Amino acid sequence: MVIINFGDSNSDTGGYVITRGMMGQLPKLHTFNHDLSGRMCDGRLILDFLCESVGNGYLTPFMESIGKNFTSGVNFAIAGSKTLPRLDSFNLHIQIAQFHRFQSLSLELFDKGGGNLLGDEDLRNALYTIDIGQNDLDGIFSGLSYEKAILKIPDIISEIENAMKAIYEQGGKNFWVHNTGPLGCFPRSLATYRKYENDYDEHGCLISLNEGFVNPLMACCGYGGSPYNFESNNKCGQGTYTICEDRFKYISWDGIHYTEAANGFVASKILSTHYSTPPLKFQ
């Protein structure tokens with residue numbers, strides 16, 4: 001099954017590292033294999049688990065375009081991406097523009113015998129996945145009151161809708177849009193945002209960012225120890241940091257992104273169809 005993905009660091013399989021020519025926030029003591037390099041995680045992302053579930057190889061970043069195989073799909077996600085502003089960095093609007101370029105080139109070369117690219121039928125029948133919005137929410141909730149922040153959410157949804165329409169107009173017909181993670185339980189949020197005593201729920205998460213979600217978190221890779229192990233000047237992979245001994249017991253890898261163990265758990269819930277509307281199987 002061909003999968004074409006758009007998103008941020010939650011589904012970035014190496015695009016950020018390629019564009020920056022560096023390993024970003026990835027520490028030297030990583031536990032992943034070479035095929036998983038460039039991820040903001042200690043191993044597989046949710047997207048990687050989903051690809052495995054349908055027998056796909058891991059998606060190649062669009063930016064790593066020389067000599068790569070795109071027959072399983074392509075990944076346009078870049079860490080730090082948002083839906084707005086539309087022309088900033090590698091945000092969703094730019095990723096869609098990159099897809100249009102890839103589509104034109106792929107069709108042209110495929111017709112000439114390009115064996116590692118996608119043809120018209122592949123692109124029409126592909127599953128287009130969109131995993132973005134967390135950085136938008138993080139920005140508006142950190143700068144605005146809760147009441148003003150939620151008024152911005154329709155703009156985020158509108159940009160995702162526009163992206164889907166743009167793909168649909170080019171022949172795409174299968175879409176999978178992910179929800180965002182529990183911002184109010186991120187160690188970074190708990191360690192850095194201004195908050196008051198009545199802003200915590202019974203689990204220690206921030207109600208204003210996270211109403212409904214559960215489970216307090218502590219970063220596996222970071223600095224400062226409990227309760228959050230997150231310090232802005234000593235992030236995972238930068239400055240002074242430590243890595244937990246048993247990463248499989250942690251939900252948060254670096255205070256922002258999930259561990260492989262948590263990604264695997266979320267992927268299993270996605271594949272169960274119990275949290276999808278409509279409850280369609282991923283394949």
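Here are some questions and answers about the sheet, two helices and one lysine in this predicted model.

User: What is the order of the strands in the open sheet?
Analyst: Let's start with the sheet as a whole. It is open, has four strands and shows parallel pairing. From one strand to the next, the twist averages 15°. Reading across, the order is β2-β1-β3-β4.

User: Which strands are the edge strands?
Analyst: An edge strand is one that pairs on one side only. In the order β2-β1-β3-β4, look at the two ends. The edge strands are β2 (73-75) and β4 (174-177).

User: How many bridges join β1 to β3?
Analyst: It helps to look at β1's other partner as well. β1 and β2 pair in the parallel sense over three bridges, and Asn5 stands opposite Asn75 in β2. On the β3 side, Gly7 has Asp131 as its bridge partner. β1 and β3 also run parallel, and the number of bridges joining them is five.

User: Which residue in β4 does Tyr128 stand opposite?
Analyst: Here we move to the pair formed by β3 (residues 127-131) and β4. These strands pair in the parallel sense over four bridges. Opposite Tyr128, in β4, stands Phe175.

User: Are the residues of β1 buried or exposed?
Analyst: Take the two faces of the strand in turn. In a regular strand, side chains alternate between the two faces of the sheet. On one side of β1 are Ile3, Asn5 and Gly7, and on the other are Ile4 and Phe6. Both faces are covered, and five of the five residues in β1 are buried.

User: At about what angle does helix α7 run to β4?
Analyst: Two helices can be placed against the sheet. Helix α3 (residues 92-111) lies across β1 (3-7), β2 and β3, and runs at about 150° to β1. Helix α7 (residues 153-168) lies across β1, β3 and β4. Its angle to β4 is about 160°.

User: Why is Lys269 called partly exposed, and what is its relative accessible area?
Analyst: Lys269 lies in helix α10 (residues 260-272). Buried means under 20% and exposed means over 50%, so a residue in between is partly exposed. Lys269 falls in that middle class because its relative accessible area is 34%.

User: Which residues does Lys269 touch, not counting those up to four places away in sequence?
Analyst: Start from helix α10, where Lys269 lies. Now set aside the residues up to four places away in sequence. With those left out, Lys269 touches His274 and Tyr275.

Technical notes:
Residues numbered from 1 in each chain as written. Predicted model: local features only at pLDDT ≥ 70, side-chain atom pairs only at ≥ 80, totals over all residues. Heavy atoms only, no water. Buried < 20%, exposed > 50% of the residue type's maximum accessible area, 1.4 Å probe, protein only. Contact = heavy atoms within 4.5 Å. Pairing = 2+ DSSP bridges. Axes fitted to C-alpha atoms, helices over the stretch in contact; angles between N-to-C directions.
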